[in-house]
Amino acid sequence: MDEDALKRIQPDAGYDETGFLRVFDCNRDLICAAAAKVYVRGSRGSYDLVAGNF
């Protein structure tokens, strides 16, 4: 995930390591749902979640 994706999910979070980890932990279900949609689209070695996925 990139920082912009985390900022889109929770714009008022602190933009430091602790803030980003908190956003990730508090929004795990949303992130997993977005990841599942991206994963279904194709078979690649890795996947990036970006702001446009949210």
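How exposed is Glu3: buried, partly exposed or exposed? Glu3 comes out as partly exposed, at a relative accessible area of 48%. That's one stop on the tour below, which goes through a predicted model view by view.

**View 1. The whole protein, built from three helices and zero strands.** Start at the N terminus and you'll meet the elements in the order α-α-α. Along the principal axes, the C-alpha atoms take up a box of roughly 35 × 15 × 15 Å. The chain has 54 residues, and 24% of them count as buried. About 4000 Å² of the protein is exposed, with carbon and sulfur atoms supplying 50% of that. Take the contacts with a separation of 6 or more: 35% of them link residues 24 or more positions apart.

**View 2. The largest nonpolar core, a set of nine residues.** Look for Leu6, Ile9, Ala13, Phe20, Val23, Ile31, Ala34, Val38 and Leu49, which make up this core. Helix 1 (3-9), helix 2 (17-26) and helix 3 (28-40) each chip in at least two residues. Helix 3 gives the largest share, with three residues. As a bit of background, nonpolar side chains tend to be buried together in soluble globular proteins.

**View 3. Phe20, a member of that core, and the residues it touches.** Set aside the neighbours within four places in sequence, and Phe20 is in contact with Glu3, Leu6, Lys7, Gly14 and Tyr15. Two names on that list may ring a bell: Leu6 belongs to the core as well, and Glu3 opened this tour with its partly exposed position.

**View 4. Glu3, sitting in helix 1.** Why does Glu3 count as partly exposed? Its relative accessible area is 48%, and the partly exposed class runs between the 20% and 50% cut-offs. Pick out Asp16 too: Glu3 and Asp16 are 13 residues apart in sequence, while their C-alpha atoms are 9.8 Å apart in space.

**View 5. Ala5, a buried residue of helix 1.** Here the relative accessibility is 0%, so Ala5 counts as buried. Which residues does Ala5 touch, once those up to four places away in sequence are not counted? They are Leu49, Val50, Ala51 and Phe54. With Ala51, the C-alpha to C-alpha distance from Ala5 is 3.7 Å, although the two are 46 residues apart in sequence. Leu49, one of the residues touched by Ala5, is also listed in the nonpolar core.

**View 6. Gly19, a buried spot in helix 2.** Gly19 has a relative accessible area of 3%, so it counts as buried. Apart from its neighbours within four places in sequence, Gly19 is in contact with Ala13 and Gly14. Gly14 turns up among the contacts of Phe20 too, and Ala13 is part of the core. For a sense of spacing, find Arg8: Gly19 and Arg8 are 11 residues apart in sequence and 13 Å apart in space, going from C-alpha to C-alpha.

**View 7. Asn27, in the loop between helix 2 and helix 3.** Is this loop residue buried or exposed? Asn27 is buried, with a relative accessible area of 19%, because the cut-off for buried is under 20%. Beyond the neighbours within four places in sequence, Asn27 is in contact with Ile9 and Gln10. Ile9 is another residue you've already met in the core.

**View 8. Arg28 and Asp25, partners in a salt bridge.** How many salt bridges does the structure hold? There is one. Arg28 forms it with Asp25, and their closest N and O atoms are 3.1 Å apart. Arg28 itself counts as partly exposed, at 40% relative accessibility. In general, side chains of opposite charge can pair when their charged atoms come close. Zooming out to the charges of the protein, there are 7 positive and 9 negative ones, and their mean positions are 8 Å apart.

Methods: Residues are numbered from 1 along each chain as its sequence is written. This is a predicted model: local features need pLDDT of at least 70, side-chain atom pairs count only at pLDDT 80 or more; totals for chains, interfaces and linings use all residues. Side-chain values use heavy atoms; hydrogens and water are left out. Helices (H or I, at least four residues) and strands (E, at least two) are DSSP runs, numbered from the N terminus. Buried means under 20% relative accessible area, exposed over 50%, partly exposed in between (1.4 Å probe, protein chains only). Contact means heavy atoms within 4.5 Å. Accessible areas come from the Shrake-Rupley method with a 1.4 Å probe; for residues, only the protein chains shown count as cover. Lys and Arg count as positive and Asp and Glu as negative; His and the chain ends are not counted. The place of a charge is taken as NZ of Lys, CZ of Arg, CG of Asp or CD of Glu. A nonpolar core is a set of buried Ala, Val, Leu, Ile, Met, Phe, Trp, Tyr and Cys residues joined through side-chain atoms within 4.5 Å. A salt bridge is a side-chain nitrogen of Lys or Arg within 4 Å of a carboxyl oxygen of Asp or Glu.
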